[in-house]
Amino acid sequence: LDRVKVFSDGFPVTPGHRLFVPWSDSHRDLFESFQQAYKYGTYMMETGACDGFNLGMNVGKSAGQTVMYPHVHCIPR
């Protein structure tokens with residue numbers, strides 16, 4: 001069972017912007033989401049698709065969260 005689902009962002013900051021969504025709202029699954037997002041970012045760099053990347057998470061409306069379920073952004077730069 002894959003504990004993380006990956007989606008293209010509906011409003012991408014850059015091409016390749018992906019969302020890594022944990023299966024459950026648990027620390028274990030959220031950690032797995034960060035691990036997979038980091039692997040994706042390093043893969044993008046290794047293949048020359050980008051020079052760097054940002055990993056991030058918005059928590060709460062005041063932080064810019066619009067989907068009220070935890071998820072990790074990987075934004076290639």
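A residue counts as buried when its relative accessible area is under 20%. In this predicted model, V4 has a relative accessible area of 1%, so V4 is buried. V4 lies in strand 1.

The contacts of V4 were examined without its neighbours within four places in sequence. The remaining partners are F20, V21, P22, D29, E32, S33 and Q36. V4 and A37 are 33 residues apart in sequence. In space, their C-alpha atoms are 9.9 Å apart.

Helix 1 covers residues 27-46, 20 residues in total. Its first and last C-alpha atoms are 28 Å apart. This span is close to the 28 Å expected at 1.5 Å a residue. The buried residues of helix 1 are D29, L30, S33, A37, Y40, G41 and M44. Seen down the helix axis, these buried residues fall within an arc of 120 degrees, so they line one face of helix 1. Two of them, D29 and S33, are buried in helix 1 and are also in contact with V4.

The cover over the buried residues of helix 1 includes four strands. These are strand 1 (4-8), strand 2 (18-22), strand 3 (53-56) and strand 4 (72-76). The face of helix 1 turned away from the buried side carries exposed residues. They are H27, R28, F31, K39 and E46. Just after helix 1, G48 takes a positive phi of about 80 degrees.

Note on methods. Residues numbered from 1 in each chain as written. Predicted model: local features only at pLDDT ≥ 70, side-chain atom pairs only at ≥ 80, totals over all residues. Heavy atoms only, no water. Helix = DSSP H or I, 4+ residues; strand = E, 2+ residues; numbered from the N terminus. Expected span 1.5 Å × (residues − 1). Buried < 20%, exposed > 50% of the residue type's maximum accessible area, 1.4 Å probe, protein only. Arc of directions from axis to C-beta. Contact = heavy atoms within 4.5 Å.
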